[in-house]
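This report covers pockets, a surface patch and charged contacts. The structure comes first, then the details.

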Amino acid sequence: MNDAFFSLLNQILVLFFMMAAGYAARKAQVLNQETIKGISLLILQVTLPSLIVSSMQFPFSMELLHTSLIIVGISIVTYGVIILFSRLYVRLVKEEGPRGDVLQFLLVFSNVAFMGFPIVSVLYGDLGIFYTALFNIPFNLLLVTLGVAIMSRSTGQSSGQMNFKKAFRSPGVIAVLLGFTFFVLPVSIPGPLLESLQLIGGTTTPLSMMIIGGMLADIPFRSVFGDRALYQATVVRLLLMPLMMYLPLRFLGFTGIMLGIPVIIIAMPVAANAGAFARLYDSDYYFASKAVFLTTLCSILTIPLWALFL
């Protein structure tokens, strides 16, 4: 157990050293805001979809199809519970207005794209990416629908209508649907094209971690101290919510990758685009940015801890 833990910790530390490289690059002005924005779009629209499609090139089997449907079902129930819990939590701590909206957003949406996939890749390889892509279907649909509605609730910067058409046109959702269709039919991607997708997708992890580091470099370290609501939200995001996922699944008999994928994804820090969403809809950008910084920093310890129990 100790050898396995330290091996895992070593792999995760590699990811965070990549993040540190991005942090240093931003401080040295090698990365600027425009570069970070451009690389972020490259990840979300090119490298991550390539990783998803190439990682879903598995031979068709009824067992894999059955497990996939269970994963999607778990995800739907999970996000339903999380949305309800987040709303109740905001009322319990009596946060109102833009700050309350941001707080709910922080609890619902974790850093799936930039950290979830790299961490799962380390833990479970291509099969983990396959299941994670399916588990994240509700996330991708909710982010540009419910996420916008939550973040703009108090500011009136959105029409309040959920843009499902835009959600289904997002590269992440298209990649999952395309990859899963290839799996079910089944269709094998020609060798040179598959190798190209794998090479492009392989850049997702280092680019993602460096971009996270670059984003964090713009947040003053001292700014995260003294905000009790931020401390509480960090504990809830990184410890309580994964525990809410872990206990019922364990009780129902789920083990291995079926237990690990949901718990690890929910245990991720706050979504990296929380600050961008808050700024776009005139919400509490400062609180959102601090939450991204603190939860990402603390996840260096909490992610290996959760992985130890899986």
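Which residue forms a salt bridge with Lys290? The partner is Asp227, with the closest N and O atoms 3.2 Å apart. This is a predicted model, and the values below are computed from it.

**Salt bridges**

The Asp227–Lys290 pair links distant parts of the chain. Asp227 sits in the loop between H11 and H12, while Lys290 belongs to helix H15. The two are 63 residues apart. Lys290 counts as buried because its relative accessibility is 7%, and buried means under 20%.

Asp227 has another partner. Its side chain also meets that of Arg99 in a salt bridge, at 2.8 Å from N to O. Asp227 lies in the loop between helix H11 (204-216) and H12, and Arg99 lies in helix H4 (residues 97-108), so this pair ties together parts that are 128 residues apart in sequence. Asp227 counts as buried, at 10% relative accessibility.

Arg99 in turn forms a salt bridge with Glu95, where the closest N and O atoms are 3.3 Å apart. How do these two residues compare in exposure, buried or partly exposed? Glu95 has 19% relative accessibility and counts as buried. Arg99 has 22% and counts as partly exposed. The cut-off of 20% falls between these two values, so the two labels differ.

Glu95, Arg99, Asp227 and Lys290 are thus linked in a network of salt bridges. Side chains of opposite charge can pair when their charged atoms come close. The structure holds five salt bridges, including those in the table.

| Salt bridge | N to O distance |
|---|---|
| Glu95–Arg99 | 3.3 Å |
| Asp227–Arg99 | 2.8 Å |
| Asp227–Lys290 | 3.2 Å |

**The largest pocket**

How much space lies in the largest pocket? It holds about 1600 Å³. The lining has 49 residues, and Ser40, Leu44, Asn273, Ala276 and Phe277 lie nearest the centre of the pocket. Several helices give two or more residues to this lining, among them helix H5 (112-135), helix H9 (171-184), helix H14 (274-280) and helix H15 (285-309). Helix H2 (33-55) is also one of them. H2 supplies the largest share, eleven residues. By class, the lining has 28 nonpolar, 16 polar and five charged residues.

**The second largest pocket**

The second largest pocket has about 180 Å³ of space. Its lining includes Ile74, Val77, Thr78, Val81 and Ile82, along with Met241, Met244, Met245, Leu249 and Ile266. Two elements give two or more residues here: helix H3 (62-92) and helix H12 (228-251). H3 gives the largest share, five residues. By class, nine lining residues are nonpolar, one is polar and none is charged.

**The nonpolar patch**

Which residues form a nonpolar patch on the surface? They are Val77, Val81, Leu240, Leu243, Met244 and Leu247. Together they have about 480 Å² of accessible area. H3 and H12 each supply at least two of the patch residues. H12 gives the most, with four.

Leu240 is found in helix H12. Its relative accessible area is 34%, so Leu240 counts as partly exposed. That value also passes the patch cut-off of over 30%.

The patch and the second largest pocket share some residues. Val77, Val81 and Met244 are in the patch, and these residues also line that pocket.

Technical notes: Residues are numbered from 1 along each chain as its sequence is written. This is a predicted model: local features need pLDDT of at least 70, side-chain atom pairs count only at pLDDT 80 or more; totals for chains, interfaces and linings use all residues. Side-chain values use heavy atoms; hydrogens and water are left out. On a 1 Å grid over the protein atoms alone, a cavity is a set of points where a 1.4 Å probe fits but cannot get out, and a pocket is an open set with protein on both sides within 12 Å along at least five of seven lines; lining residues have an atom within 4 Å of a point. Grid points are joined across faces, edges and corners, and a volume is the space filled by probe spheres set on the points. Ala, Val, Leu, Ile, Met, Phe, Trp, Tyr, Cys and Pro count as nonpolar, Asp, Glu, Lys and Arg as charged, and the others, Gly among them, as polar. Patches are made of residues with over 30% relative accessible area and no salt bridge: like charges are joined within 9 Å, nonpolar side chains (Val, Leu, Ile, Met, Phe, Trp, Tyr) within 5 Å. Accessible areas come from the Shrake-Rupley method with a 1.4 Å probe; for residues, only the protein chains shown count as cover. A salt bridge is a side-chain nitrogen of Lys or Arg within 4 Å of a carboxyl oxygen of Asp or Glu. Buried means under 20% relative accessible area, exposed over 50%, partly exposed in between (1.4 Å probe, protein chains only).
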